[in-house]
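Student: I would like a close look at a single part of this model, taken slowly. Please keep to the salt bridges and give one connected answer.

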Amino acid sequence: MFDLFSDAAKVAQQMEIICSEYGFALWETMYSLLLEVLFSYVIGLPLGVLLVTGEKEGIRPLPRWLMTVLNAVINLLRSVPFLILMIIALPLSKLIVGTKVGTAATIPPMVIAAFPLVARMVESSLREVNQGVVEAAQSMGASALQIVGKVLLPEALPSLISGGTITVGTILGYGAMAGIIGGGGLGKMAINYGYYNFKFLVMWAAVIGLIILVQVFQSAGTRIAVKCDKRLRNRS
Amino acid sequence: MAGIIELKGLSKTFGTGENQVSALKNVSVSVEKGDIFGIIGLSGAGKSTLVRCINLLERPDQGSVLFHGKDLTELKEKELRLQRRKISMIFQSFNLLDQRTALDNICFPMELEGVPRKKARQRAKELLETVGLPDKADAYPVQLSGGQKQRIAIARALASDPEVLLCDEATSALDPKTTGQILSLLQTINKERGITVIIITHQMSVIEQICNRVAILDSGEVAEIGDVVDVFSNPQSQAGRRLVSPNVAEPALDWDIPIARIAFNGSVSEEPVIARLVTTTGIPVSIMGAATRNVDGKAFGTMLISLPEDPGKKKEILDFLNGCQGVSAEEVTEHV
């Protein structure tokens, strides 16, 4: 593969590809990431809340069969390999976005793969909230909705942000795989030019781009989580 | 007169089968408006369960919880939530919201009620003054000491303008000095705002310091209930005696001699009761065990002495003792 680097003409050709397509690929990666994270939380966040509040000892217990079904579905979706799940879910894309190909088409399968993860993340974050505080809110006459909105979510915020950071990293990884079925972005660039066409320079450029993105999101997420955690304030 | 809070025949059982534990057995307690009512018991006596039954954080299996004569157990959830605002609670572990400042913690119950933000903050600031922490408005719980956290919790409990304040082991996590400060704050609140205070504790000193009435809980049952002065000076139940004088020598089972229990209910400490007993009656007695305390020059506590077998001499001794001021005596029969 290093032979290819020495071939000046090929290097120039690959550089040209990088220059002309990298920006758009990055943009596609970012906007599909944004939409995927958004919809994953739109579905996953309320589910995660229900997983905590709906259990037997929770603040608003739900029927047991419902909780069993909910848990089973989430586990099921979590256990199907992403690549397979994506292919199974493609017909759904036709239904929702009207097409089975392209970047938009990969968004519904990705959301289906990611929202169960989000639900579990949210669930574990909310479980960290001190039960005594929930009890104190109950003793003040808070409704279940008020407890979720004013106690559980705000108190778990640092942990939710950490979870969100992990989710973003995972979805970025899914996004690269979605390149296989035609989802645009850096992942597609790496697979199409690099893996299928032996343009390794392009592949590495795309991969390095993804690595940098993950690093940036991770450190930003950690920093925000620490900064908004009032439990970490030093005694003044 | 009906009390502000009346618990009638409360029973609560946890677990099933072999692990079944009766936390409360047919407990009835009446608390009058303006009381500082203490509920004391050793750990496992069911006192936390009892206080949590008052605002129905715990639902009793049987019995009713009357607040102003209205049975809370029969209310719909929404009505219950409204009533809970009139019965505030503070906790051993404070239970402040870690991600909110002290001021915002105090605003919390007012937010729940929908009080406008500006008005809520104004009131929260006044409450900070009340609990003596006007400069801690912007501090987060992690920056506060235990005593300060409990003060904020008290301010938060007062924010909904309650009629009753429940204190679940509120001073158990605090050092003695801070405990004293928190207790006198509770006393002030009781006096100035007319808020009825119900205190759960395992510390005798807490009851002694501020309560006017006390119930002693033992294995889920009310062993004794009454005015603090009466219960403390002359506890009638075994649990009561154990608590009042934790070191009192309960007669050992293998003692085969008659024993008398003398209760000192505020007799003058320097009065040589036992010496006079011996010189007056001429009957020698042996002190088998004693746990007395000197409070303000008055003796409180119990003492066990041996009695002669002869019924006449026994009576002579008991009569002498019962004739002394602030002293009562009876023969102990439970060990034979």
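Student: With which residue does B:D35 form a salt bridge, and how far apart are the closest N and O atoms?

Tutor: The model is predicted, and what follows should be read with that in mind. B:D35 pairs with B:R213, and the closest N and O atoms of the two are 3.8 Å apart. B:D35 sits in the loop between β2 (21-31) and β3 (36-40) of chain B, whereas B:R213 belongs to strand β9 (residues 213-218) of chain B, so the salt bridge ties together parts that are 178 residues apart in sequence.

The two partners can be described by their accessibility. B:D35 has a relative accessibility of 6% and counts as buried, because the cut-off for buried is under 20%. B:R213, with a relative accessible area of 21%, is partly exposed.

B:R213 also meets a second acidic side chain. Its salt bridge with B:D227 has an N to O distance of 3.6 Å. This pair, too, links distant parts of the chain: B:D227 is in strand β10 (residues 221-227) of chain B and B:R213 in strand β9 of chain B, 14 residues apart. B:D227 is partly exposed, at a relative accessible area of 37%. B:R213 thus has a salt bridge to B:D35 and another to B:D227.

Another pair in chain B is B:E111 with B:R100, whose side chains form a salt bridge at 2.8 Å, N to O. B:E111 lies in helix α3 (residues 102-113) of chain B and B:R100 in the loop between β6 (87-91) and α3, so this contact ties together parts 11 residues apart in sequence. Here the acidic residue, B:E111, is partly exposed at 26% relative accessibility, while B:R100 is buried, with a relative accessible area of 15%.

These pairs belong to a longer list: a search of the whole structure finds 18 salt bridges over all chains.

Charged residues also appear in the lining of the largest pocket, which holds about 710 Å³ of space. Its 25 lining residues include A:G58, A:I59, A:Q138, B:L56 and B:L57, which lie nearest the centre. By type, the lining divides into 12 charged, 9 nonpolar and 4 polar residues. At least two lining residues each come from α6 (131-139) and α7 (144-155) of chain A and from α2 (77-84) of chain B. The largest share, 4 residues, is that of α2(B).

Conventions. Residues are numbered from 1 along each chain as its sequence is written. Chains are lettered from A and ligands numbered from 1 in the order in which they are written. This is a predicted model: local features need pLDDT of at least 70, side-chain atom pairs count only at pLDDT 80 or more; totals for chains, interfaces and linings use all residues. Side-chain values use heavy atoms; hydrogens and water are left out. On a 1 Å grid over the protein atoms alone, a cavity is a set of points where a 1.4 Å probe fits but cannot get out, and a pocket is an open set with protein on both sides within 12 Å along at least five of seven lines; lining residues have an atom within 4 Å of a point. Grid points are joined across faces, edges and corners, and a volume is the space filled by probe spheres set on the points. Ala, Val, Leu, Ile, Met, Phe, Trp, Tyr, Cys and Pro count as nonpolar, Asp, Glu, Lys and Arg as charged, and the others, Gly among them, as polar. A salt bridge is a side-chain nitrogen of Lys or Arg within 4 Å of a carboxyl oxygen of Asp or Glu. Buried means under 20% relative accessible area, exposed over 50%, partly exposed in between (1.4 Å probe, protein chains only).
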